[in-house]
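The following exercises ask the reader to work from a structure to a reasoned description of the contacts and pairings in the chain. Each task is followed by a solution that goes step by step.

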Amino acid sequence: MKPIYLDYNATTPIDPEVAEAMRPYLFEHFGNPSSSHWYGIQTKKAVDEARRQVADLLHCNPEEVVFTSGGSESNNQVLKGVFFNRQVPKAHIITTQVEHPAIVEPCRFLERLGAKITWLPVDSSGRVNANDLGNSITTDTVLISIMHANNETGTLQPIEECAQVAREHGLPFHTDAAQSVGKVPTRVDELGVDFLSIAGHKLYAPKGIGALYIREGRQLEPLIHGAGHEQGRRAGTESALLTVALGEACALAGDLSGMDNVRILRDRLWRTLKDCCGDRVVLNGHPDQRLPNTLNVSFLDHQGPELLAALPELAVSTGSACHADRVEISPVLKAMGVSPEAGAGAVRFSLGRATTLQEVEIAIEHLAQFLAA
Ligand SMILES: Cc1ncc(COP(=O)(O)O)c(C=O)c1O
């Protein structure tokens, strides 16, 4: 028996409809989309259609979508692209203390190149405050980047409010939506963002494909220079195979109705754990401003890595890492003020479209047995 997969925030399986849409581009249609003959025309049409599907999901123009290799590249492109395109000698970037390493590390890199980074604090639910953002803006600020949903806790940031603050100061605003696309609405005009990152493998497309929304008129220095692919914004022959996959995944992601069931299953898991452990289990993250699939809890009498090792029947993640003689808690939980004791016991359950009630009940049984022992 394979373990029960409750780690959809780490990655998702390829949706069968996505795989089906990819099939012709594995075998028959191999042309270079830049070629002007029949073979190229077939793949060019496919890439254009995929771009339209991504744009439909985000409610933007297809010309505002650039295909990338995934969430990390999209994030790197925005941060470095703004930095290298800036018109002023200094560069101040504002981000948060709970970002994914795909934001944290490029920021640290830019710090080494002279950028100043402000890391906004978060409250105990993991949310930033739009007033703090406003107060941290300086005349040198060139970009604000705040994630839409946190990968560990699922907490949603007040993006609309923060983007409004950015607009009032005439500053570009980026959101890393790698975790939110396909789980909650991500229309760019409702969010008010100028840049938005997508990671295909978090929404049932394969690994190695993503996209970046770039609002019309916003300029970025490309990360990858070369031939004029993607309107000169990202060099490299487009993969019809992968772009078609992302397009189909975005078309499927437009229907969020399946998330109601995911939320019900997630809440059932939480209630059962609460009934079982009382105040020895605590929720990490916002009680309702949170992705419908994510449940991050701390078992106060246990350590996450110990629970994972004892329960090979479950595929879940911890919020801490074991080092030789200690358990180190995640920077996200630390920023939320979670105590070392609680942080060490953190476990992330993330459900997906395919998660069934039966799987959740089996997972509950295994957990109950472990917690009773
Ligand atoms: C919030 C967030 N941003 C970015 C990434 C990186 O995306 P990718 O794996 O496509 O590079 C991830 C992946 O875990 C993520 O959760």
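**Exercise 1. Explain how lysine 44 and aspartate 48 are placed relative to one another along their helix, and describe the contact between their side chains.**

Step 1. Lysine 44 and aspartate 48 lie four residues apart in helix α2 (residues 38–58), so about one helical turn separates them; helices here are DSSP runs of H or I with at least four residues, strands are runs of E with at least two, and both are numbered from the N terminus.

Step 2. Their side chains meet in a salt bridge with an N to O distance of 2.8 Å, where a salt bridge is a side-chain nitrogen of Lys or Arg within 4 Å of a carboxyl oxygen of Asp or Glu.

Step 3. Lysine 44 is partly exposed at a relative accessible area of 41%, and aspartate 48 is partly exposed at 35%; buried means under 20% relative accessible area, exposed means over 50%, and partly exposed lies in between, with a 1.4 Å probe and protein chains only.

A note on the source belongs here: the model is predicted, local features need pLDDT of at least 70, side-chain atom pairs count only at pLDDT 80 or more, and totals for chains, interfaces and linings use all residues. Residues are numbered from 1 along each chain as its sequence is written, and side-chain values use heavy atoms, with hydrogens and water left out.

**Exercise 2. Describe the other salt bridges, stating which residues take part and whether they are buried or partly exposed.**

Step 1. Arginine 234 and glutamate 73 meet through their side chains at 2.7 Å, N to O. This pair links distant parts of the chain, since arginine 234 sits in the loop between α8 (229–232) and α9 (240–253) while glutamate 73 belongs to helix α3 (residues 71–85), 161 residues apart. Both arginine 234 and glutamate 73 are buried.

Step 2. Arginine 266 forms a salt bridge with aspartate 267, with the closest N and O atoms 2.8 Å apart. Here arginine 266 counts as buried at 3% relative accessibility, whereas aspartate 267 is partly exposed at 24%.

Step 3. Asp189, Asp194, Arg215 and Arg218 are linked in a network of salt bridges, and the count for the structure comes to 16.

**Exercise 3. In what order do the strands of the seven-stranded open sheet follow one another?**

Step 1. The order is β2-β8-β7-β6-β5-β3-β4, with mixed pairing, where two strands pair if DSSP finds at least two bridges between them. As a general point, strands of a sheet pair through backbone hydrogen bonds, either parallel or antiparallel.

Step 2. Returning to the order of the strands, the open sheet runs from β2 to β4, and these edge strands, β2 (65–68) and β4 (116–120), each pair on one side only. From one strand to the next the twist averages 20 degrees.

Step 3. Within the sheet, β7 (residues 195–199) and β8 (residues 210–214) pair in the antiparallel sense over five bridges, and leucine 196 has tyrosine 213 of β8 as its bridge partner.

Step 4. Helix α6 (residues 159–168) lies across β5 (141–145) and β6 (173–176) and runs at about 155 degrees to β6; axes are lines fitted to C-alpha atoms, for helices over the stretch in contact (heavy atoms within 4.5 Å), and angles run from 0 to 180 degrees between N-to-C directions.

**Exercise 4. Which residues cover the two faces of strand β10, and which strands does β10 join?**

Step 1. In β10 (residues 294–299), six of its six residues are buried. Thr294, Asn296 and Ser298 lie on one side, with Leu295, Val297 and Phe299 on the other.

Step 2. Four bridges join β10 to the antiparallel strand β9 (residues 281–284), in which valine 282 has serine 298 of β10 as its bridge partner.

Step 3. Five bridges join β10 to strand β15 (residues 346–350), again in the antiparallel sense, and threonine 294 stands opposite serine 350 in β15.

**Exercise 5. Locate proline 158 and state which residues it touches.**

Step 1. Proline 158 is found in the loop between β5 and α6 and counts as buried at 8% relative accessibility.

Step 2. Not counting residues up to four places away in sequence, proline 158 touches Arg127 and Val128.
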